[in-house]
Amino acid sequence: MTAGIIKTQGTHLFVLNTLATPDPVILKMACPTGITGLGAGTKSQIDVTCLDAIEDQEFVPGLGAPGQVSVPFNFIPTAESHQGVLTTLKESGAVLEWIVGFSDGIAPPTILDDTMVWPAARTAARIQAYIAEVTIDAATNDRVTGNLTLQRSGKVDWNFKPAA
């Protein structure tokens, strides 16, 4: 086994629910089964080709175009994060703070001045995103599942667990 890898088991997804009253609360997403596209997105291109060019166009990088993050999950109707909170947050259109805490630690993030503080001694990624879509799927002889689609706004920030 390669030294330093981390397993997916024990990875958590947290969102700062700013619609909670009276104060924002950190909500842990119940039973995600994957997180894909965390760093997705491309840079746009700016054409700098001169009019007298006769072969190929020339480009320089422009602004980044943040991609979407997909979070499939097992639907658990008794879980707070599945009881209308996701649909309420989706309908609000609010850009929210999300943190993925990887399995090389167990500490959750905390709140300070209405923002999430990195979880201690744990590799984590932070994004700003709004909920673009929440779907629930049911099929014969299977479990009821859902998919959460987050549209990132801005870059992915990383906090790496210090080396031992």
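**Notes on this predicted model**

1. Let's start with Asp 142: its relative accessible area is 49%, so this residue is partly exposed. Keep in mind as you read on that this is a predicted model. Asp 142 has a salt-bridge partner, Arg 143, with the closest N and O atoms 3.3 Å apart. Is Arg 143 buried or partly exposed? Arg 143 has 45% relative accessibility, so it counts as partly exposed.

2. How many salt bridges does the structure hold? There are 4. Another of them joins Lys 155 to Asp 157, where the closest N and O atoms are 3.4 Å apart. Lys 155 counts as exposed because its relative accessibility is 62%, over the 50% cut-off. Asp 157, on the other hand, comes in at 29%, so that residue is partly exposed.

3. Now look at Glu 97 and Arg 126, whose side chains meet in a salt bridge (2.6 Å, N to O). Glu 97 sits in strand β6 and Arg 126 in strand β9, so this pair ties together parts that are 29 residues apart in sequence. Where are these two charged residues, buried or exposed? Both Glu 97 and Arg 126 are buried.

4. Next, the inside. The largest nonpolar core has 23 residues, and those touching the most other members are Leu 38, Trp 98, Ile 127, Ile 131, Leu 148 and Leu 150. Several elements chip in: β1 (12-17), β5 (68-74), α1 (85-92), β6 (96-101), β9 (124-137) and β10 (145-152) each supply at least two residues of this core. Which element gives the most? That's β9, with 4 residues. As background, nonpolar side chains tend to be buried together in soluble globular proteins.

5. Not every nonpolar side chain is tucked into a core, though: Ile 46, Val 48 and Val 60 make a nonpolar surface patch of about 210 Å². To find Val 48, go to the loop between β3 and β4. Its relative accessible area is 37%, so Val 48 is partly exposed.

6. Finally, find the patch of negative charge on the surface, where Asp 47, Glu 55, Asp 56 and Glu 58 gather. Glu 58 lies in the loop that runs between β3 (41-47) and β4 (59-66). Why does Glu 58 count as partly exposed? Because its relative accessible area is 47%, and partly exposed covers the range between the 20% and 50% cut-offs.

Key:
Residues numbered from 1 in each chain as written. Predicted model: local features only at pLDDT ≥ 70, side-chain atom pairs only at ≥ 80, totals over all residues. Heavy atoms only, no water. Patch = residues over 30% accessible without salt bridge, like charges linked within 9 Å, V, L, I, M, F, W, Y side chains within 5 Å. Areas by Shrake-Rupley, 256 points an atom, 1.4 Å probe, with all protein chains shown as cover. Lys, Arg positive; Asp, Glu negative; His and termini not counted. Charge placed at Lys NZ, Arg CZ, Asp CG, Glu CD. Buried < 20%, exposed > 50% of the residue type's maximum accessible area, 1.4 Å probe, protein only. Core = buried A, V, L, I, M, F, W, Y, C linked by side-chain atoms within 4.5 Å.
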